Amino acid sequence: MNILHISDTHFGTEIQSTIEALLEHLEEFPSQLVIYSGDITQRARVSELKAAAAFLRRLPDGPVMIVPGNHDIPLYNVLQRFSSPYGRYDEYLANFSLGQNHMPVFDSDRVSITGLDTTNPARYKDGLLTDEHIELTSERLRAAEAHKLKIVFAHQPVDAILDRDEKNIMQNAEAAIRQWAADGMDLYLGGHIHFPFMQPLSSRYSGLAHDAWTAQCGTTFSTRIRNKMPNSFNRICVGDTRNETKLERCEFDYGMRRFRLEERVLPWL
């Protein structure tokens, strides 16, 4: 089973050639599930949401799991941000995603996946893992069979490599990660910081009860690249066993106008 992880497309700032390249990539390397970890739009404008919906309609048939990011909440319309922060998002995008209330879930014979809406209209940019997030996710992790790859995803990160991204780590991240690792989480997927990396969560949270990793996605389509990192997406290639599962990052080659494999790790070998 192949899972595509995209993030931070920021429609309104998208590069059309990257959209076409991703769709071409999916023709050659099909995915059975798409995880879309927020910041779908740049400012939650109707034109941007319509562009995102048009892209989602072009994806091959199959389930999609979407959570909003902070950019999917109106910024300049303060009244709307507090009275109906997800009104436009729900109108144009909710029907494309599994699940309800921005909390998509997916189970198969190989994977169990939980998506969380960690946006906070009052704080706008900062992510928040609430006690409810932590407990609901723990219940799902405990309920999933031991042989399954257990994935949790949200928009904001729980880890960082660059010093400047330390401030972007979600509130209550450590409590969540320690609890989820104890309950069997294998992988956390996030976006927000536009800096892709893959690493064990024990590098930040020592003494975890389970060998959990994180895979951060860069910006898949947007011109808003950071630290000269190209547009990118992640693939999770789920094997017959956990030890055969690969994490991969594909980056956009601006000369060839296509995505190419840049990094591959087999974290649980």
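Let me start with one residue, Leu22, which, leaving aside its neighbours within four places in sequence, is in contact with Leu4, Ile6, Phe55, Thr220, Phe221, Phe233 and Phe259. I should say at once that what we are looking at is a predicted model, and everything that follows should be heard with that in mind.

Leu22 belongs to the largest nonpolar core, a set of 26 residues, and together with Phe55 it is named as having the most contacts inside that core. Several elements each supply at least two residues of this core, namely strand E1 (2–6), helix H1 (16–28), strand E2 (33–37), helix H2 (46–58), strand E3 (64–67), helix H4 (87–93) and strand E11 (246–253). As general background, nonpolar side chains in soluble globular proteins tend to be buried together.

Let me step back to the chain as a whole, which has six helices and 12 strands. Its radius of gyration is 17 Å, close to the 18 Å that the globule rule gives for 269 residues, so the chain is as compact as a globular protein of that length. Taken along the principal axes, the C-alpha atoms fill a box of roughly 45 × 45 × 35 Å. Of the 269 residues, 58% count as buried, and among contacts between residues at least 6 apart in sequence, 73% join residues at least 24 apart.

Now to the sheets, beginning with the one that involves the elements I have just named. This is an open sheet of six strands in the order E3-E2-E1-E10-E11-E12, and its pairing is mixed. At its edges are E3 and strand E12 (258–265), each of which pairs on one side only, and neighbouring strands are turned by 20° against each other on average, direction ignored. Helix H1 packs on this sheet, where it touches E1, strand E10 (232–237), E11 and E12, and its direction makes about 65° with that of E12. Toward the E3 edge, E2 and E3 pair in the parallel sense over four bridges, and the bridge partner of Ile35 in E3 is Met65.

Which residues does Leu56 contact, once its neighbours within four places in sequence are left aside? Leu56 has its place in helix H2, and at 7% relative accessibility, which is under the 20% cut-off, it counts as buried. Its contacts, on that basis, are Tyr36, Val64, Ile66, Leu93 and Phe96. For a sense of distance along the chain, the C-alpha atoms of Leu56 and Ala44, which are 12 residues apart, are separated by 16 Å.

The other sheet I want to show is also open, with six strands in the order E4-E5-E6-E7-E9-E8 and mixed pairing. Here the edge strands, each pairing on one side only, are strand E4 (105–107) and strand E8 (197–200), and the twist averages 15° from one strand to the next.

Strand E5 deserves some time. On one side, E4 and E5 run antiparallel and are joined by three bridges, with Ile113 in E5 as the bridge partner of Phe106, and the hairpin that joins E4 to E5 passes through three residues. E5 (residues 111–115) also pairs with strand E6 (residues 149–153), in the parallel sense and over five bridges, and in that pairing Gly115 stands opposite Phe153. Helix H5 (residues 131–143) packs on the sheet, touching E4, E5 and E6, and its direction makes about 175° with that of E5.

Is E5 enclosed by the rest of the structure, or open to the outside? Five of its five residues are buried, so the strand is largely enclosed by the rest of the structure. Val111, Ile113 and Gly115 point one way from E5, while Ser112 and Thr114 point the other way, and all are buried.

Finally, helix H6 (residues 173–182), whose buried residues are Ala173, Ala176, Ile177, Trp180 and Ala181. Seen down the axis of H6, these residues fall within an arc of 120°, so they line one face of the helix. What covers them includes H5, E6 and strand E7 (187–190). H6 is followed by Gly184, whose phi is positive, near 100°, and I will stop there.

Key:
Residues are numbered from 1 along each chain as its sequence is written. This is a predicted model: local features need pLDDT of at least 70, side-chain atom pairs count only at pLDDT 80 or more; totals for chains, interfaces and linings use all residues. Side-chain values use heavy atoms; hydrogens and water are left out. Two strands pair if DSSP finds at least two bridges between them. Axes are lines fitted to C-alpha atoms, for helices over the stretch in contact, and angles run from 0 to 180 degrees between N-to-C directions. Contact means heavy atoms within 4.5 Å. Buried means under 20% relative accessible area, exposed over 50%, partly exposed in between (1.4 Å probe, protein chains only). The arc is that of the directions from the helix axis to the C-beta atoms. A nonpolar core is a set of buried Ala, Val, Leu, Ile, Met, Phe, Trp, Tyr and Cys residues joined through side-chain atoms within 4.5 Å. The radius of gyration is taken over C-alpha atoms; the globule rule is 2.2 Å times the number of residues to the power 0.38.
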